[in-house]
Amino acid sequence: MGDHLMIRLLDKSIADKIAAGEVIDRPVSIVKELVENAVDAGATSITVQIRDGGRTYIRVTDNGCGIPAEEAETAFRRHATSKITDEKDLDCIETLGFRGEALASICAVSRVELITKTADSKSGRKVVVESSQVLENTATGCPDGTTVTVRDLFFNVPARYKFLASDASEARKVIDFVSRIALSYPDIRFSMINGSSTVFTTAGKGNILAGIINIYGKDIGEGLIPVEQSAGGFTLKAHVSPPDKTLPSRSRQIFCVNGRIIASSVLERALDRAYAERMFKGRFPIAFLFLAMPAEKLDVNIHPAKRQIRFDDNSEVEDFVTEAIRSALMGQQAVPDVSKDVSKAEIPPAQPQIQELNVRDDGFKYESIATETPQQQVDIKSFLTTLRQEKNETAAEQEKPDPVPAAVNQPFDFDELTVIGAVFNTYILAQDDSCFYMIDQHAAHERVFYEKLMKQYHASEKYSQQMLMPLSFSVSSDVSTTEDMWISQVRAMGYDIEFFGNQTYLVREIPAFMQINEAEDFLNDLFSAFSDRPDLSDQRVLDKIITRSCKSAVKGGDVLDSREITALIDQLKACDNPFSCPHGRPTFVKMTRYELERMFKRA
Ligand code: ADP
Ligand code: MG
């Protein structure tokens, strides 16, 4: 055992450095705190500038309310805040800051210069602080608002300095954060300058989509589906990708709750649920979610850097967001656009069905369309409407309007479809007022079959049809010995099935909606999957097997007459999710009239 060491109070400068570690671990955490202060100060314009990844230089300038001269120095004290006064304020925080720790932490580990002026004072104030020591506090001439410059981060904490990543990587983190917060506050004009180059400047005119395109580019921003839903004190405004446009990571999922950029597994789950069955595993939708909710229903004070929040009721939030997005995905814009090269974006090369699909899709790939500008790709009607609006706006305010027309996501209406015919006995052609559609008969049928099966499975009353002659299935011993793992499930689907001895099962009734050959193929496929002894107690495993069996039960390439086509479309319409087969492939794709006209050089 070592000698007992004397317990001592740490001197202030060490204590400050330790405390700073919780809030400030790299340049982006400084930028975050400074920008949040600027937002809290009511700024309408915020400029962030960094050099060397923020290591040597960070400057945040705002045109907000400023700090009164006599308080400028106090702002650097720990737990100095103008934002809350007593404990009950903590339950209902409306500002981004409230801990009164940021400036104190920042000045403990760097050299800070604060220049600030309120609108009603004639001169401003300059305060210079280094390692928590005030070096200067003088009057100065400056515009209204606040500029904080932070130099030489961690110059006095070498151990932390060592942990900084490369300048490029630190800069990327800063730019990523400023991008996100700029989107969350579309009414504030943000400029992001890295070194000597401007990374982006937002218009600050309140258009979120314009901001997304401005910051993340057309590839990400174009064709997103707008979501707007309010209920019970919650409002979700979002822009999400159609299911055919996904990325291999969550890097373009941005969550903002009451103006706070947060990480949230609750919101990730809500998204995943809204897209369930509509995309492949390992792919993620693009999603910019802005949720406003009653402040008393969440706790923002659970993380020192405020990167996480706690909802009082997770499932209330999750359900609201899931439903809002799910219903937006049922709209017209959710139908994949033929010119967006559906298969390449979505289908992983290992899937057995792809060959067939790629051939189909490549057949409809028109190069000339792929090179269009976004404005040209917009549906002609909304384009014209925007032109009209633009004209009025220009007249009104002489400023350049946003280049992005407001997207309208009308509900998709199956009743508007007129069937024109079919090609290759596989693809049904249809049209409505503005679009031309190609429906994959096989994928559509698979979707219909799957949903009927699921409905039957969960319903208390089963609809079955009796066989004149029972069907018999001979199975491997693996199947019969694991009978209790699957037989009740198969019965729940509407099969009347019984062991007959000698590795044989007899089926006297099949689900009413199935053709006899479908019912047979379905069970055969199920049994062959069961003979691999999967873990059937896992619902997801069983689901996978069932979707696979649906596919093998439904045969493509049948010639459908017009009555059968109409019936199929009616059944598709009745589906909860008509836009993709259970494996995530699209059931139909569209091409706008405008795209057609472009193709023939008429527009
Ligand atoms: P908090 O934001 O949690 O209150 P900070 O240490 O970030 O704590 O800031 C301390 C105080 O300094 C704030 O409460 C605010 O009154 C003032 N302040 C900081 N930055 C600004 C700014 N950019 N504009 C106006 N006031 C500011
Ligand atoms: Mg703050």
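In what order do the eight strands of the open sheet follow one another? In this predicted model, the order is 5-4-3-6-2-1-7-8, and the pairing within the sheet is mixed. Strand 5, which spans residues 133-140, and strand 8, which spans residues 197-201, occupy the edges. Each of these two has a single partner strand, so one side of each is left without a neighbour in the sheet. From one strand to the next, the twist averages 10°.

Within this sheet, the contact between strand 2 and strand 6 can be described in detail. Strand 2 comprises residues 57-62 and strand 6 residues 145-151; the two pair in the antiparallel sense over six bridges. In this pairing, Val60 is placed opposite Val148 of strand 6. In general, strands of a sheet pair through backbone hydrogen bonds, in either a parallel or an antiparallel arrangement.

A second sheet is open and consists of three strands in the order 21-23-22, with antiparallel pairing. Its edges are formed by strand 21 (464-474) and strand 22 (496-501); each has a single partner strand, so one side of each lacks a neighbour in the sheet. On average, neighbouring strands of this sheet are turned by 20° against each other, direction ignored. Strand 22 pairs with strand 23 (residues 504-511) in the antiparallel sense over five bridges. Phe499 stands opposite Tyr505, a residue of strand 23.

Strand 10 (residues 234-240) pairs with both strand 9 and strand 15. Five of the seven residues of strand 10 are buried, and the strand is accordingly described as mostly covered. With strand 9 (residues 225-231), strand 10 forms an antiparallel pairing over seven bridges. Val227 has Ala238 of strand 10 as its bridge partner. Strand 9 and strand 10 form a hairpin with two residues between the strands, and in this hairpin Gly232 adopts a positive phi near 50°. The pairing of strand 10 with strand 15 (residues 287-292) is likewise antiparallel and extends over six bridges. Ala238 also takes part here, standing opposite Leu289 in strand 15. In a regular strand, side chains alternate between the two faces of the sheet.

The surroundings of ligand 1 were examined next. The ligand is surrounded by 20 residues, of which Asn37, Thr81, Ser82, Lys83 and Gly100 are the closest. By residue class, this shell divides into nine nonpolar, seven polar and four charged residues. Helix 2 (27-40) and helix 3 (102-108) each contribute at least two residues to the shell. Three polar contacts of ligand 1 may be specified. An oxygen atom of the ligand lies 2.8 Å from a polar side-chain atom of Asn37. A polar backbone atom of Ala102 is found 3.2 Å from an oxygen atom of ligand 1. A nitrogen atom of the ligand is 3.4 Å from an N or O atom in the side chain of Thr146. Taken alone, ligand 1 has 530 Å² of accessible area, and the protein covers 93% of it.

Helix 2 also contains Ser29. This residue has a relative accessible area of 5% and is therefore classed as buried, the limit for that class being under 20%. The side chain of Ser29 reaches the backbone oxygen of Arg26 at a distance of 2.6 Å.

Two loop residues stand in contrast to Ser29 in their exposure. Asp433 is located in the loop that connects strand 19 (427-431) and strand 20 (435-440). Because its relative accessible area is 59%, Asp433 counts as exposed, the threshold being over 50%. Asp433 and Thr592 are separated by 159 residues in sequence, whereas their C-alpha atoms are 9.4 Å apart in space. Glu296 lies in the loop between strand 15 and strand 16 (298-299). With a relative accessible area of 52%, Glu296 is likewise exposed. Glu296 and Glu94 are 202 residues apart in sequence, with a C-alpha to C-alpha distance of 9.9 Å.

Technical notes: Residues are numbered from 1 along each chain as its sequence is written. Chains are lettered from A and ligands numbered from 1 in the order in which they are written. This is a predicted model: local features need pLDDT of at least 70, side-chain atom pairs count only at pLDDT 80 or more; totals for chains, interfaces and linings use all residues. Side-chain values use heavy atoms; hydrogens and water are left out. Buried means under 20% relative accessible area, exposed over 50%, partly exposed in between (1.4 Å probe, protein chains only). Helices (H or I, at least four residues) and strands (E, at least two) are DSSP runs, numbered from the N terminus. Two strands pair if DSSP finds at least two bridges between them. A residue is near a molecule or strand if one of its heavy atoms lies within 4 Å of it. A polar contact is a pair of N or O atoms within 3.5 Å; within protein, one must be able to donate a hydrogen and the other to accept it, and residues adjacent in sequence count only if both atoms are side-chain atoms. Accessible areas come from the Shrake-Rupley method with a 1.4 Å probe; for residues, only the protein chains shown count as cover. Ala, Val, Leu, Ile, Met, Phe, Trp, Tyr, Cys and Pro count as nonpolar, Asp, Glu, Lys and Arg as charged, and the others, Gly among them, as polar. Axes are lines fitted to C-alpha atoms, for helices over the stretch in contact, and angles run from 0 to 180 degrees between N-to-C directions.
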